[in-house]
Amino acid sequence: MGSIHQIANLVLRHLPAETAHGFALRGLSAGLGPRERPDDLPILDQSCFGLRFANPVGVSAGFDKNAVAIAGMTKLGGGFIEVGGVTPLPQAGNPRPRLFRLTPDKAAINRMGFNNDGAEIVRERVSDHLAREPASLPLGINMAANAASPDPAQDFIDLITCFGPVADYLTIDVSCPNTENGQVFLEPTALENLLARLNAARDTSGSRPALVAKLAPDLEDTHLTELIEIITAAGVDAINLCNTTTKRPTSLKSRHAQERGGLSGTPLFEMSNAMLRKVYRNTGGRVPLIGVGGITSGADAYTKICAGANLVQLYTGLVFEGPSLIQRIKHDLAELLKRDGYANITEAVGCEHRA
Ligand SMILES: Cc1cc2nc3c(=O)[nH]c(=O)nc-3n(C[C@H](O)[C@H](O)[C@H](O)COP(=O)(O)O)c2cc1C
């Protein structure tokens, strides 16, 4: 017998992708998600860039862009929350349709274009949530520049000032393939200048949330190495690998495979793992990494941890597997760690590089 959540998932899968996502979010914010279960898996508990994570699994940026369902997302059982991408001013994003499910490929293509309610409203919602639940999970805000901004670096500074006091960490998304300003900071000098300005803004803001840089998987090796050097020299606290890809593997079967935008889900799994391995080797494991891309099981999450991730996030897997996936991943991950003789997850991070 299917649970109410499995049945709801089946129904949602027959709606256009963005409409279904809207319903799912409304359900979560109305408390219709799975019931919260206590985190009783100390093997998954770790401290990372100054924050404590009861487990390493988070829902990735783009799922709750407007912070309308933080409480519901908390109940999915993850160890942290990331809302956004948020831009300083509200933004409509690209025309619909702009989100496509590639069901035979367990994938999605999106060209949302940072549709969001803008920093002021999102910050109000985050503040309201924190007033109700002060001991909330570690909370990240994913930041992006407005598409039409004449000074995208200033947008990031404004966002740090706005969200610094309410966020545990701030993600600088410099890897979005879907807007005018989405990738301007993949240019090394531009990134270096941006990070210097952001560090200065954070130092004078009076709050000190951790900074996370999120990169795209489509970078050439030398380009990636150069960006990683800049990011580590600037003292960025962690690196998120990775955003969606503009590549289209020939294995894709869906009729939507050639839609414009960023591809996520299963076809991104190996690509993002390869990037994770490279960056772990480049940084010698000194910078915490958040592994994202194509996770649909505890075994997938374990692969990323062994490749070098301290934390993992997922989005597209939730669309296909449903909201109970996070609980399953945690349970299976704990079993895999025990099977391999680890007392705590931190011992397994990057273990394949030591084998
Ligand atoms: C509809 C959609 C919207 C997204 N929006 C954002 C965003 O605003 N900011 C961001 O950094 N990543 C965004 N992402 C990328 C995800 O956070 C994640 O990096 C990517 O989907 C790979 O993970 P997955 O394969 O588990 O989905 C979005 C992804 C999707 C599918």
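**Close-ups of a predicted model**

The model holds 0 disulfides, a disulfide being a pair of cysteine sulfur atoms within 2.5 Å. This is a predicted model, where local features need pLDDT of at least 70 and side-chain atom pairs count only at pLDDT 80 or more, while totals for chains, interfaces and linings use all residues. Residues are numbered from 1 along each chain as its sequence is written, and side-chain values use heavy atoms, with hydrogens and water left out.

**View A. Cysteines C162 and C242.** Why is the sulfur of C162 not in a bond with that of C176? Because the closest cysteine sulfur to that of C162, the one in C176, is 20 Å away, too far for a bond. For C242 the closest cysteine sulfur is also in C176, and at 13 Å that is too far for a bond as well. C162 counts as buried at 19% relative accessibility, and C242 counts as buried at 3%. Here buried means under 20% relative accessible area, exposed over 50%, and partly exposed in between (1.4 Å probe, protein chains only).

**View B. The ligand and its shell.** There are 24 residues around the ligand, and S60, A61, G265, G294 and T316 come nearest; to be near, a residue needs a heavy atom within 4 Å of the molecule or strand in question. The shell splits into 9 nonpolar, 12 polar and 3 charged residues. In that tally Ala, Val, Leu, Ile, Met, Phe, Trp, Tyr, Cys and Pro are nonpolar, Asp, Glu, Lys and Arg are charged, and the others, Gly among them, are polar.

**View C. Polar contacts to the ligand.** A polar contact is a pair of N or O atoms within 3.5 Å; within protein, one must be able to donate a hydrogen and the other to accept it, and residues adjacent in sequence count only if both atoms are side-chain atoms. S60 puts a polar side-chain atom 2.4 Å from an oxygen atom of the ligand, and T316 has one 2.6 Å from a ligand oxygen atom. With Y315 it's a polar backbone atom, 3.0 Å from an oxygen atom of the ligand. On its own the ligand has 610 Å² of accessible area, and the protein covers 98% of that (Shrake-Rupley method, 1.4 Å probe; for residues, only the protein chains shown count as cover).

**View D. Strand β12 and its partners.** Strand β12 spans residues 289-292; helices (H or I, at least four residues) and strands (E, at least two) are DSSP runs, numbered from the N terminus. Which way do the side chains of β12 point? L289 and G291 point one way, I290 and V292 the other, and all are buried. Strands pair if DSSP finds at least two bridges between them. Strand β10 (residues 238-241) runs parallel to β12, joined by 3 bridges, with I239 partnered by L289. β13 (residues 311-314) also pairs with β12 in the parallel sense over 3 bridges, and there V292 stands opposite Q313.

**View E. Strand β9 beside β8.** In β9 (residues 210-215), 6 of its 6 residues are buried. A210, V212 and K214 point one way, and L211, A213 and L215 the other. The parallel neighbour β8 (residues 169-173) is joined to β9 by 5 bridges, and I172 has A213 as its bridge partner.

**View F. N55 in a loop.** N55 sits in the loop between β2 (51-53) and β3 (57-59), buried with a relative accessible area of 0%. A polar atom of the N55 side chain lies 3.0 Å from the backbone oxygen of G77.
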